[in-house]
Each structure stands twice: as structure tokens, then as C-alpha cells.
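This report addresses ring contacts and helix packing in the structure shown below.

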Amino acid sequence: MRVSLKLWMIIGILSLIALIGGIIILSALSVQTVERNRTAVFHTYKVLDTAQHLLSEVQDLETGQRGYLLTGQAEYLSPYELAKPLIGELTVQLTELTTDNQRHQVRLASLRALIEQKMQVTEQSIELVREGDVEQALLLVNRGIGRETMDSIRELIRQMSLDERQLLAQRSEEYVTSNRRTMGIQIAAVLLFGAMIAFAAIMAWRDYRRRVEAEGALKVESALLKATLENMGQGISVFGPDLKLMAWNENFLQLLDYPVSLARQGTDFDAFLNFNAARGEYGSGNLAEEVARRRAVAVKRNRDVYITERSRPDGRILELVSNPMPDGGFVTTYTDITIRQQAERQIIEQGEQLLDRETRLRAVIDNVPVGIITINESGSIESFNRQSEQIFGYAAEDVMRRNVNILMPEPDHTRHDGYLASYRKTGIARIIGQNREVTALRANGETFPMDLAISEMWLGERRLFVGMVRDITERKQMERLKNEFVSTVSHELRTPLTSISGSLGLIMGGIAGDISAKAKHLIGIAHSNSERLIRLINDILDIEKIESGKMVFIMAPQPLVPLVEQSIEANRAYAEKYGTSFVLQEDIGDAQVKGDPDRLIQVFTNLLSNAAKYSPAGTPVEVSAVPGPQGLRIAIRDYGSGIPEEFKNRIFQKFAQADGSDTKQKGGTGLGLSIVKNIVESHGGQVDFESEIGSGTTFFVDLPLWEETDDSADAQSDRPMVLICEDDPDIATILSETLRHAGYGVDVCYSASAARTLLDRRSYVAMTLDLKLPDADGFSFLNALRANETTRNLPIIIISAADLPEDGMMSGQALSIVDWLSKPVDYARLLSAVELATGSVLKGARILHVEDDPDIAAIVREAMGGQVQIDSVASLADARLRLAANSYDLAIIDIELIDGSGLDVLPMLSAPGRPPIPALIFSAHDLGGDFSEQVQAVLTKSKTTMSQLVATIRQAIAKSDRPGSQG
């Protein structure tokens, strides 16, 4: 039966409509499925996000509570106030989002109860702080209810998140499967379209007109199919049940590197296999068998899904996914996964490298001999190496996530969180980046000294603090032993040396009467060598103080030139011993530095004595004080043999000495220049030298200039102070240097107004007064001084160009003067007058001398020359008895006594009903630090001459409140 073209057209149209309808229905169903899966995935994300948001707000609630508890400041409650309303909203949202999940609903019931409990505890603790009961609030927090509740909240949210992530993985997989199914439907639709077109083409053979129409439709459909295939990012090939090529796209040919000649409809699958074999993709084995095997695999693709990977010769990797078609044949997609696999492989390799690096780093950290502890911003420990375990006695797992203050004793244990909070708020680092000695706490409750260095680091947006700790218990014990040894050396050497040197000095000064020249010469030798031994002991002890950081500097503005001149004068005899002399060539007048005068004199004395030792006999040592690069420069030049080149780079090191025979003959410890360098640098200056073999050496001391901002010196001297009021600067300079050399401290003024200012600011044991002043008549000024309660009894010595009038003033009764000296001044008489003036201060004074060495006690008594009454005791017990029975104007105290420390005498000097007794410490120990106001001065045996001691005693008594003093 011949079917008409019209009927065929009707049949074809109906079939096409049915096909399109079916495709639309399948597509709609597929889109619905994809959309449903997408919605489910987004819903899962929403649940996860809401749960994490809820947890974050609960944490903010706790953060606000902790900040308020730690600081008591309301501004820290901001996170808490913001979190409270959000927690309820997020709980409701999470409940609504999980109404279809019974397990979540059960968890949410528990979660709501826990959140309610957490908020109650939080609100209760905050309310307690608001009411001022911080201690009760801390006790409530320390009960751990809030922490346990928080841990339970985290656990419930973690379980919900875990379930949701499993749902997310399942739904994501369903979403991918739906997408693939949709693609299969589309490909099937395309094939069905092709089948219809082919059917129409066959019908066209029966009828020319039908063929023409069918060809037109076929071209349109072919173009649509080709456009669809070519616009896909993957390679696609379609083989029929007979393994003939039915469709493909350009990516298929490019990815598999096939020639265009193979891309024809009906090309057999074997042609592709043979082509691959011919180009060597299957190796060099039996190619026929390999082709047959692969064809057998291809036949199975008509029935089963086939997934594999294929490596290309150029290194690319393709993923092949074949899906069977319902009517036989299969559709294969080819995806280039080279980059994806490289990324995956790189991630794996990086993970392995990181793991290996972490393992090595952990091994290094665990084996370094230093404890390393890492904490976060809240103070919780995040890492604790093996050395830290040994130091503190904790296992790492026992301290992880705990507050680092468990390693601290009080008060740091309580204050530590406040330190961190202050740093986060202000950014001011008190201990970060510094090395400190602190006291730490072991697990067994034992405290120990520890070196601590803290640094800050950032990991991404997280700030961490790394502590490097070292147990210094053993070092402290060694330091204690060393200090005990130094203390013994100080006492056992300085005390007898002070006795020897003091006794010899008093004998040479004539206290024992006249002695023969030969005896005086021998005593001079003994005195010189005792002083040499004292210098050696002082150098050794000074080096110890420098290394331990205990050298004390009493800094005050000082005129520099007088210190240089005093050093020159003190070492003049030493220079003469070597046949040389000191010549001050240049000076800078009244320029001042801020420094310790005794230490600066020690610097100049060391440099001058070195220059004298190494200068040829008959050549002077040149000294100059001039402007320098830092302000002021003292240069000391000798014309000796110079410093050897190989010795220059270690000349300032301890015990450094050149190896020449001349050097060995000169002697010395090799400590002097090391001490000089440390003293100068402690004054903010520098010391250096220039030397040329055969031409001599010049040492430079550069010190910063101090600009005086006041008319008088701002530091109190330990020496008895004399005020010189003289309008002639040259005479004033000579008077001041004479008195300074005699052991007095001096202030100089050039007018009556300046003298009044100084007298208002400090006390003096005596005053010299020129009667011719630029702003006042000397007699009028003297009368004004006697009318003033403060200066009524001040001893005054008149120095005038005029002779004493013959009107009865020689006795000094008219104006109560000590003496009248006419210019030019007799300086010996000046010193006698000042001695007389200060002697009046000592008249009737009584001193308690606490000293366990009878020789020192005897020498001090002799040095005072009977001007005062001295009671000597050797123990704390005797001192207590004497103080209970007698009144004293001054106590002289040695530190090391037979029954304890002399410092224990200080509290005994204050008793109800009597003024406190001033004290003077005279000890073999170099004492640093501050003492009570009762301690007028601290003097060191072997560094203090008897004249200095006597002058200091006078000054201390003059400052006291006893009748006749100028305090």
C-alpha cells in the first residue's frame, strides 16, 4: 500500500510534535529536578551559615562579659549588648529552617535551654560587677558553668553542622547527577532529531518534492546539532551500535589529535584504534591483539557507563565518560583534566611538604635548649615544647588551651590578663621585644628565676605571642657565690689596706711627731706601694661592678677643666717618679659636662698615669681640653714608643697588655683602659686614640657638653661646701681650686645677689667674702647676713685688697668674722681659717663609730684629731646598747659586722622623742642604690682618703640640726 506524501507529512508532523512535546516534558522534569536539588543545596548552606552565626553571637556574648569582668568598663559590653537580640532571632531562624529534620529539632530544644542557661549566667555575672561585687562575679565565672555550657553549645552546633555537611555532599552529588542526566536527555534529543531528519531524507527518495523539503529541514537541523556540539567545552563523539561514527565536534579531533580525514560519518571505530596503534600509542607489542581488546571494551559501552583516563603523548590527561544510548551505541565526552590533576597533585605535594616541614620544625623546637611557648591574644597556650615541659614540670597536653598565667606566681598570675587587655587596647608594649628576669611557677608549686623574651607574630589575621624562657636558677646560684666572694675580697682586703694606707698617711702628715728622713723615706715607699695595691683591688672590683651593671654614677653638672687640673695635680708626684711632667696647653674655661666627678677623675688619672709611664724621661705629657665632635674633648699626648699595631684592636679589652719588655717593666693589671672605656660610655661619651710607632700616642675622651640652666650647681656634693663670693674671676678660681684640693666642695658667685640665691638653696660650712662687690657694699651685705636667721652663725672669712682696720676688728667680734685676709692671699692661712670655721661646727659633737676592725676605728679617731668624741663599737648588740644610753650627732657605719649587717643599725637611729641621727656609711663594699634620708654619704674604704673622710664628717654634722650647725 502506497502511502501518500501528505499522509507521510502528517505522520511526520505528528511524530515531530510528539517528540518535541516529550523533549519539553523531559526537559521540564529535568530542570525541575535540577532546581529542586539546587534549592536543597542552598538550604543546607543556609542552615550551616545560621548555625555558625548563632555560635559566633554566643561567643561575642561571652567576649563582652569577659571584657567587662576584666576591666569594669561599660564599653567592653558592646559585643554583649549587640549579641543578645540576635541570639533569639537566629535561634528562631534555625528552628524554622530545620522543621523537616527531627534530629535537628531535638538538638535545638537542648540548644535553646543551654543558650538560656548561658545568658542567665552571663547576665548574673555582669549584674554582680555592676553592683560592685567583682569578686563574687569572678567566683561565679571560675565555677566553670559558663565554660561547660559553651562547650555543650559548640558540640550541638558541631553535630548539626556535621549532619548538614553530609546532606550537602549528598545533595551536591544529586545535583551533579541531575545535570548529567539533563545532558544525556539533550544528547538523546539531538540524536532523535537526527533520526527524524534521516527518516525524512529516506522518504524524500520516494518523492522528489518530499526529498527537497526533507533536505532543507535536514540542513537546518544539522546546523543546529553542529552548533550545539561545537559550543560545548568538551570533546564529543557519538558511535552507533555498529561502532560507526555518527557525530562529533571539533574539540574531539583536537583533544585526541585526529586528522580531519577520519572525521566522516560512518567511520568505523577500528579506524581510530588502528590510527592510534600506528602512531605508537599502544607501545610496540602485538598491536592486533591490543586493537581487538580495545574494540571489545568499546562494544561494552553500548550497555554500561564507561569512565577512564587517557594520557596523551604531549603530557595532557583526558577524562573519558561514555554513556550508552537507549537504542544502542554510546556518547563519549572528552574532558582535559590536566590542570585539575596538576593542581590536585600540587596540593598533595604541598601538604606533604608542609607536614614534613612541620615535623622537622617540631623536632628542632623540641630539641632546642630553650623553652618555647606560644599563646594567643586571650592568653591561652597553643604550643609548649619539650624543654618547657622540663622547665615547668607540666606535660604539653596538660597546659594546652589553658591560660598561661598558670605558670606565674602572684601577683602576675592575677594581673596577666589585664596586661594583655591593656596591650590590645593601647598597643603600648611593656615587655614585648625585651629580655627580662622574672619569677615563674613550676607544676609542683616551686618558684624559680627565669629569663623571658617575648615577641609578637601574625599568622594571617591571628596575632600570637612567642615566649622564649630559660631557667636561670643555676646562674643565680653562681652569681650569689661570686657576690659572696667579691664581698669577702672587699672586706678582707680593703679593710686592712685602709688601715695600712691611713696609718702611713697620718704618720707622713706628722701626726706621730717628727721622724728621721730615712724612716720617712721608707714610710713613703710603704705608703706608695699600699696605694698601688689599693688601685689594683679597686680595678678588679670596678670591673666586677661594670660586668654586673652595679657601678653607681652620681651624675651632676661639673666644670670639666677643674677636674682635669685636679687629676694633674694628684698625679704630679707620680709623673715626677718617671722623670716627666704634665702640661695643660689649652682649656675651655667654664664649660661643663654632666657626670660623676670621682669617676671622671678616675678616667683622667688612668690616662695620665699611663702616659707618664710610657713617656721618655725629660719629655712632658701634653694635656688639652678643647671643643670636640661630641661637645668637649680631653686629649692626653705622650711621646713614647707608641702602641704596636697588633695590640690596637684589643687595647680596651680586660687584662690587655702589649707583650714588650718595656710594658712588663712598667707593670699594671691591664684593666685600666677597659674601666676607662666603660665609665666614659656610661657618661654618653667615647674614648679613642691615635698612635704611631716611635712618635707617641694621643688618647681622646669626648664628652657631651652640658648647658647650665641655673646659676648654681644642681647636685649636692658629699664634701663640706664653702661659698666663695669674689668679684675677681682669677682670684675666685685660685681660691676654689685651693679649697677643692683640700677636700672641700665649692660654689663660686661674683655678686651679692648671686650669693643670696645660693645661700637660700643650700647650706655651707663657711663663706669667703670680698668687701668690694659690683652690686653691694661688703659691710652692708655682711650685716644683712648676720640679721638673717639662716646665716646668722655662718662662719665668714673676709678677703679684701684693704688691710684690716685698727678699730678692734682683729678679733672678729664686731662682725663675727673668722679671719681677715688681705690680698694677695696667704693660702695656707686661708686653709687654716676654713679649718677653724669647720672646727667650730664639730665642737662638742659626739659620734658613734660602728666598726669591727679596731685598726680602722683607731685611725679614724686619730684623723679627727680630738675635735669630737668618738665611741667605737664592733657589733650590732653594742651599737644598740650605746644608742639606748647616749645621744649622738652622727653614726659612722661599716656594713660587715661580727653579728650581722651594719644596715640593721639604720632603724635604730630613729627613736620616739628625739631627732633621727644622721648616718655615714664607711665600708669596704661598693654600695649602689638608694638609702634613707638619714644616710648623708656612702664612702668606700681604700677609695677614700682620711682627709676626705674627715671633710665628709664635718659636712654631715654641719647639715644636722644640732646647735651651732648650719643645717
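In this predicted model, two arginine side chains place their charged ends over phenylalanine rings, as listed in the table.

| Charged residue | Ring | Distance to ring centre |
|---|---|---|
| Arg442 | Phe448 | 3.8 Å |
| Arg633 | Phe700 | 4.3 Å |

Rings also pair with one another. Across the whole structure, the search identifies 14 aromatic pairs. One of them joins Phe239 and Phe272 in an edge-to-face arrangement, with the ring centres 5.8 Å apart and the planes at 85° to each other. The angle of 85° is classed as edge-to-face because it exceeds the cut-off of over 60 degrees. This pair connects distant parts of the chain: Phe239 belongs to strand β1 (residues 235–239) and Phe272 to helix α8 (residues 269–278), with the two positions 33 residues apart in numbering. Phe239 and Phe272 are both buried. They also belong to one aromatic cluster, whose other members are Phe252, Tyr258, Phe269, Phe275, Phe330 and Tyr334.

A further topic is the packing of two helices. Helix α18 (residues 597–613) packs against helix α20 (residues 672–682) at an angle of about 145°, and their axes are 9 Å apart. The crossing of these two helices is left-handed. On the α18 side, the contact is formed by Arg599, Gln602, Val603, Asn606, Leu607 and Asn610. Helix α20 contributes Gly672, Leu673, Ile675, Val676, Ile679 and Val680. Grouped by class, the contact of α18 with α20 comprises seven nonpolar, four polar and one charged residues.

Definitions and conventions
Residues are numbered from 1 along each chain as its sequence is written. This is a predicted model: local features need pLDDT of at least 70, side-chain atom pairs count only at pLDDT 80 or more; totals for chains, interfaces and linings use all residues. Side-chain values use heavy atoms; hydrogens and water are left out. Rings of Phe, Tyr and Trp (its six-membered ring) pair if their centres lie within 6.5 Å; planes under 30 degrees apart count as stacked, over 60 as edge-to-face and the rest as tilted. Helices (H or I, at least four residues) and strands (E, at least two) are DSSP runs, numbered from the N terminus. Buried means under 20% relative accessible area, exposed over 50%, partly exposed in between (1.4 Å probe, protein chains only). A charge sits over a ring if NZ of Lys or CZ of Arg is within 6 Å of the ring centre and within 35 degrees of the ring normal. Axes are lines fitted to C-alpha atoms, for helices over the stretch in contact, and angles run from 0 to 180 degrees between N-to-C directions. A crossing is left-handed if the near helix is turned anticlockwise from the far one by less than a right angle, and right-handed if clockwise. Contact means heavy atoms within 4.5 Å. Ala, Val, Leu, Ile, Met, Phe, Trp, Tyr, Cys and Pro count as nonpolar, Asp, Glu, Lys and Arg as charged, and the others, Gly among them, as polar.
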